[in-house]
Structure formats: structure tokens, C-alpha cells
Amino acid sequence: MSLRLLEIILPVESTSSIDNLPSNNTVLGRWDDRLNDEQAIVRLLVKASNTEAMLDDLEGRFAHVSGFRVILIPVEATLPRPASDDDATVSQVTKSPERISREEIYADVSEGARISRTYVAQVIIATVVAAVGLMRNDNAVIIAAMVIAPLLGPNMSLCLATTLGDTRLAFESLKANATGLSIALVFSMVLGAVFVIDVDLPSIQSRTTVSWGDILLALASGCAGVLAFTSGAPSALIGVMVAVALLPPFAVCGLLIGSGDFVAARGALLLVATNVICVNLSGVLTFAAQGLRPRQWWEAERAKKALHLAVGVWLLLLAVLIVLIYQAAE
């Protein structure tokens, strides 16, 4: 059972109001303490799946109270062990989504939209390693590049921004995506111009065409990436799955452009476009299926419109690409 500890700082006279919150019956433990004559700290132990409802209730009740703040802390373990859902009163409340809270997801995912020196370095290193692995037809080296997974963050943050209707995060995600892909393209083109590229190598040849298997792989990658973030699981291994759909084919595209093989490069670029569309389409749908919504109803309405628009655009682009794939195969 994944647990969270909420440390709530608020005026002393407001602590009793926590008892009246709708989600108060999901609390597994509570401890109150005074910080000074005016402020108190209330610690609540809750299941991770109930954290979002508690945070929404707290923000709705105390957002305008001076000095109010909530600190969320993951709990590795606690003794005695909390009662199971079958024995606890929490089973009587409305079923919570089987994921961590919206705030935790946002904090984790939004970090991927930042363009930093570390992000740029990761893109460069991953591109060089992937290119070397492709030129040597060495799958172990290619996988090593995918472990770095620099493009996981921007794509997942774009999916989250679309689901929540967050235009600022969407802009930052697009900028980070464009920066990362541009850097990967430039460095792979340079390597393609310097080294001799054998387009008949299986590692390169397989990434110059698009099949239904590639589409299914990209759809599964986007879904897996979102599930990793919403469950609070480490995203490093899941990043490999997303990276397999993005970085290697884009590195192939750059290598082929640098070597002057524009016909094969076009096929690799088509694969990259298909993968980007599928990853984002399945990611947005998975976030929506997980019940991720803004807290305020007016924000939820805006997010719903943004979600419908984004899904429609991704589906339209995917349909266009499928037509192009069939034309290229003829």
C-alpha cells in the first residue's frame, strides 16, 4: 500500500475545520502540533490514491487562509501497518483513481519540459551513442543510448499539458521537444557526413520503413510512459520504451541526410513523425483514462475542449501519415 504524509501548516483556529472535509474519513492517522501561538502543523497519513481528493479539499477550504501551506512527503513504510481496505472505513468512500495525486504527477512531469544544460548534454550523448550503435549494428549500444531517454520528459509533459489544458506547459514542452530533436538531427547529420553509412545494415534498414508493428509499438510506448508517471514508478526503464520509438529512427534520419541518401532519410523521417504522433495520442488518452482533471470546474471545461481538439488533430495527422505510408509502399 503506497502512502503519503501531508504536513499542513495553517492558523491554530483553523485546525478543527479539517474534521469537516469530505475526504477526512480516508485519513489513516493524524497528529497535531503547534509551531507558535498563531500557527499549527497537522500531519495526515493517507493512501496515495486518496491524496488528490484530500489536497483538493484542503485547497478549496484553506487556499485563501493566510499562512496556509501543504507539504507532501512519500512514505516508504510505517508501523503498525495500516489496515487493509477490507477492514478500514476508507472502503466506504467513493473509489479513488489508482494513481498518485495530480500535484505529484505535475511536479514530476513538468520537470521534463525544462531546457537545461543537463538536458542538452543528455540529448547530445544519447544521439552520439545511438548513432555509433546504429553504424556498428550493435543493439546493446543502441539500448545504452535509449536508457538516457532525454526525449521522454518533453513528450510526457506535452501529453499532460494537453490533458489539463495548460497552455504554458504545452508551449514549454513543444520548445523542449523542438530543441531536443533539432540537436539530435544536427549531431547525427554531422556524424553521417563524417562516417560512411551502410544503409543495408539491419539496424538502419529497419528504421527507414513504417509498418503496423511500429505504430503499435509507439502507441504502447506512450501508454507505458504515462502509466509510469501516474503510478509513481521509476521512469528510467519506461524511458527505454519511449526512446526506442523516438531517438534511434531520428538518428537514422540524420545519418542518412548527412550521407546524402535523401530517399531513405525520408522513410526514417516518416517513421519519426508516426512515432511522435502515436506516443502523444496514446499518452493523452491514457492520462484521460486515469481520470486526470484540473480541480476547478471552469479549468476542467477548458481542458476537455483542449483534449478533444488534440485527440482530433493527432488522429487526423495519423490518418494522413497512414495514407503516405501506403503510397510509399506502392
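This briefing walks through how strands β1, β2, β3 and β4 pair up and how covered two of them are. The model is predicted, so to read it fairly: local features need pLDDT of at least 70, side-chain atom pairs count only at pLDDT 80 or more, and totals for chains, interfaces and linings use all residues. Residues are numbered from 1 along each chain as its sequence is written, and side-chain values use heavy atoms, with hydrogens and water left out.

**Terms**
- Strands here are DSSP runs of E with at least two residues, numbered from the N terminus.
- Two strands count as paired if DSSP finds at least two bridges between them.

**Strand β3 and its partners**
- β3 spans residues 39-47, and β1, at residues 3-11, runs antiparallel to β3 with 9 bridges joining the two.
- Along that pairing, leucine 6 has leucine 44 as its bridge partner, while isoleucine 9 is matched with isoleucine 41.
- β2, at residues 29-34, is also antiparallel to β3, through 6 bridges.
- Here glycine 29 stands opposite leucine 45.
- β2 and β3 make a hairpin, with 4 residues between them.

**Strand β1 and β4**
- β4 covers residues 69-75 and runs antiparallel to β1, with 7 bridges between them.
- Isoleucine 9 turns up again here, with arginine 69 as its bridge partner in β4.

**Burial**
- Buried means under 20% relative accessible area, exposed over 50%, and partly exposed in between, using a 1.4 Å probe and protein chains only.
- In β1, 9 of its 9 residues are buried.
- β3 is mostly covered too, with 7 of its 9 residues buried.
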